[in-house]
Amino acid sequence: MVLADELAKKQRSISVAEFFEKNKQMLGFDSPTRGIITTIKEAIDNSLDACEEAQVLPDILVSVRRISNDVFRVVVEDNGPGIVPEKMPSVFAKLLYGSRFHQVRQTRGQQGIGISAAVLYAQLTTGKPTIVTSRTDAKNKAHTMSLVIKTETNEPEVLSHEEVDWILPHGTRVQLEFKSNIAARKKLIEYLKYTSIVNPHAKFRVEIDDESFTFERVSSEVPPCPVAIKPHPYGIELGVLKRMTTASDLPLKEFLVESFSKVGEKTALEICSSARLDSAVKVSSLGLESLNPLLDAMQTTKIPAPSASQCLSPITDELIVKGMEKEFELDFIKARTRPGSVYGGHSFIVEAAIGYGGKLPPEGSAILLRFANRVPLLYQQGACAITNAVQNVNWKSYGVSQSGLPTGPILILVHVAATNVPFTSESKDAVAAVPEIEREITLALQELGRDLKMFLSRRDRNKLQDDRARAICSVIPLIAAKVGEIVELPVPDTSLIEGRIMRRVVLKKSSAGGKVMIHIDNYTTKSQEISLYDISGDNAGDATVPPSFVSEMDGEYTKIWKVTLSAGEAFEVTYTGSGGGMIEMQGVAENLKVVVDLDV
């Protein structure tokens, strides 16, 4: 008994703050390299959620400054609704404190751990408090607090509190100092870039030491804030049901209707009948012997899925495309938003997009962008259900090489929006393998794969046609000139032959005897508005048709002519020069134009 007494003296409870202080890797603070990204991520998640709830277009400043050799100061500032001073200590310096945990709707943060964990990490590595400034309206001054977490009790401690003048009429600013390094600078910029893609309504101003840049918004509409719905019967477990019934005085039928989504009076009576329980019995009087059959009846009765339109906020196809076009140069891009679905009573929507070509790397595996509730997932790609679903698609059937992931100049984006994203851990790095979610991802990618296959087939056909058209433009005039020389007659006009064969807008450039000639024929049946770009070492100062615009850089002149050609019309300009450089025209569909430089 002596040993038992000694062991008993050593036993004590620990607070959640104390637990995560020793297990910070569970929250994504497993290394100094990653700590800086996780801190910024948690602060931005809070800012975006707050701005959307207030229906404010987010304007977010992210600043990272090196204070000493291995200490960094991170500032994240937003123009959201602000936080009342009474709640500021608990919001930032108390783990598991928040407003969203019990709400069934899509949010970035939910458990009330993220930003408080960053505060804990800061005081753990540098011992310095976090400084928070917030203002709720222009009539009142801002409040600035210096905060730390008492790890023994998981309670906030306010070291200082004062009212200050602040330039913003409303918003929140959080400043943390912690030990880290900027080895993950590229990863940090990628995180901000990817965040701007799936939050196209947000503007991010970024300052990293002496470098600054901006990710502009491409939408001026704040997405509708998801509305909280009641839990669905399929997502309830016995312990939760017991807690809910204990706290209610309602009769069973009214309890089912009032407490769960998609349960009306008819469905409630069907559940009661299946469980062999009186619909008028008080639910608080039900014991485990009654709750077990009640739960079985709730989960076997046919009940419609929760309404995804209320509790979720998908990005939409149009805005995904705009966001991707803003950050990547692509030849092809398509997006798909799947209909709302459900797993375990939780609503979710899968969105996906594919980009191809442009300036993507031509070799190696595809670039895979994973997102959950508009938040990028940067780590543990191999352990994610999104990756597994992408790898399980047979990309070869869509004309794309594959080695696990598809290979080549391909960009794949997958976004899972859910009331409860099934992450594999508290650090929220990867989506768990839920069959319903994997199935929806696969279906979305298969739809996009078919679109990509059509693009690749059309591109190959167009390339073949372009090669033939260029050959015609180059060869037929030479044949005509040679025939004219042989028969000693003037060279015939071959334009009618070219037009009959091609039915396109043909641009030709040639140079001879110190003169450059550019000629355009519109062989199509419609009028064409054309912007002609000629980039070379010639300034075209004596052009027979003066260019609309000329600019010079490093000895090269960019000349632009803007011309409208009706069907069958032609345009020609000549100027003194040696030719060379690059010639291009815009405003004409790719499948309707041919560009031929006869000097090449």
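**Notebook: helix packing, cores and loops**

I looked up the handedness of one helix pair to begin with, and the crossing of α7 and α10 is right-handed. I note that the model I am reading is predicted.

**Entry 1: α7 with α10**

I located α7 at residues 238-246 and α10 at residues 288-300. I recalled that the packing of two helices is described by the angle between their axes and the distance between those axes. For this pair I found that the axes come within 10 Å and cross at roughly 115°. The helix α7 is therefore roughly perpendicular to α10, because angles from 65 to 115 degrees count as such.

I then listed the residues that meet. From α7 I recorded Leu238, Leu241, Lys242 and Thr245. Their partners in α10 are Leu288, Leu291, Asn292, Leu294, Leu295 and Met298. By class, I noted 7 nonpolar residues, 2 polar ones and 1 charged one in this contact.

**Entry 2: α9 with α10**

I turned to helix α9, which covers residues 265-275. Its axis and that of α10 come within 8 Å and cross at roughly 130°. I therefore entered α9 as oblique to α10. The crossing of α9 and α10 is right-handed.

On the α9 side I found Ile271, Ser274 and Ala275, which meet Pro293, Leu294, Ala297 and Met298 of α10. I counted the classes as 6 nonpolar, 1 polar and no charged residues. Leu294 and Met298 are on my list for α7 as well.

**Entry 3: the loop between α9 and α10**

I looked up Arg276, which is found in the loop between α9 and α10. Is Arg276 buried or exposed? I recorded a relative accessible area of 78% for Arg276, so this residue is exposed, because the cut-off for exposed is over 50%. I also looked up the separation of Arg276 from Ser290. The two are 14 residues apart in sequence, and their C-alpha atoms are 8.9 Å apart in space.

**Entry 4: the nonpolar cores**

I searched for the largest nonpolar core and found that it has 60 residues. The residues with the most contacts inside this core are Ile40, Ile44, Leu192, Met324 and Leu413. I followed Ile40 further, leaving aside its neighbours within four places in sequence. Ile40 is in contact with Val62, Val64, Val74, Leu188, Tyr191 and Leu192. Apart from the largest core I noted another one, of 38 residues, with Leu405, Ala418, Val434 and Leu445 among them.

**Entry 5: two loop residues with positive phi**

I checked the backbone of Asn154, which has a positive phi of about 55° although it is not a glycine. Its place is in the loop between β4 (142-150) and β5 (155-164). Asn154 counts as buried because its relative accessibility is 8%, and the cut-off for buried is under 20%.

I made a similar check on Gln380, another residue other than glycine, and found a positive phi near 55°. Gln380 is found in the loop between β13 (375-376) and α13 (385-392). With a relative accessible area of 38%, Gln380 is partly exposed.

**Entry 6: the chain as a whole**

I closed with totals. The chain has 15 helices and 24 strands. Of its 600 residues, 48% count as buried. I also looked up contacts between residues at least 6 apart in sequence, and 71% of these join residues at least 24 apart.

Definitions and conventions
Residues are numbered from 1 along each chain as its sequence is written. This is a predicted model: local features need pLDDT of at least 70, side-chain atom pairs count only at pLDDT 80 or more; totals for chains, interfaces and linings use all residues. Side-chain values use heavy atoms; hydrogens and water are left out. Axes are lines fitted to C-alpha atoms, for helices over the stretch in contact, and angles run from 0 to 180 degrees between N-to-C directions. Helices (H or I, at least four residues) and strands (E, at least two) are DSSP runs, numbered from the N terminus. Angles under 35 degrees count as roughly parallel, over 145 as roughly antiparallel, 65 to 115 as roughly perpendicular and the rest as oblique. A crossing is left-handed if the near helix is turned anticlockwise from the far one by less than a right angle, and right-handed if clockwise. Contact means heavy atoms within 4.5 Å. Ala, Val, Leu, Ile, Met, Phe, Trp, Tyr, Cys and Pro count as nonpolar, Asp, Glu, Lys and Arg as charged, and the others, Gly among them, as polar. A nonpolar core is a set of buried Ala, Val, Leu, Ile, Met, Phe, Trp, Tyr and Cys residues joined through side-chain atoms within 4.5 Å. Buried means under 20% relative accessible area, exposed over 50%, partly exposed in between (1.4 Å probe, protein chains only).
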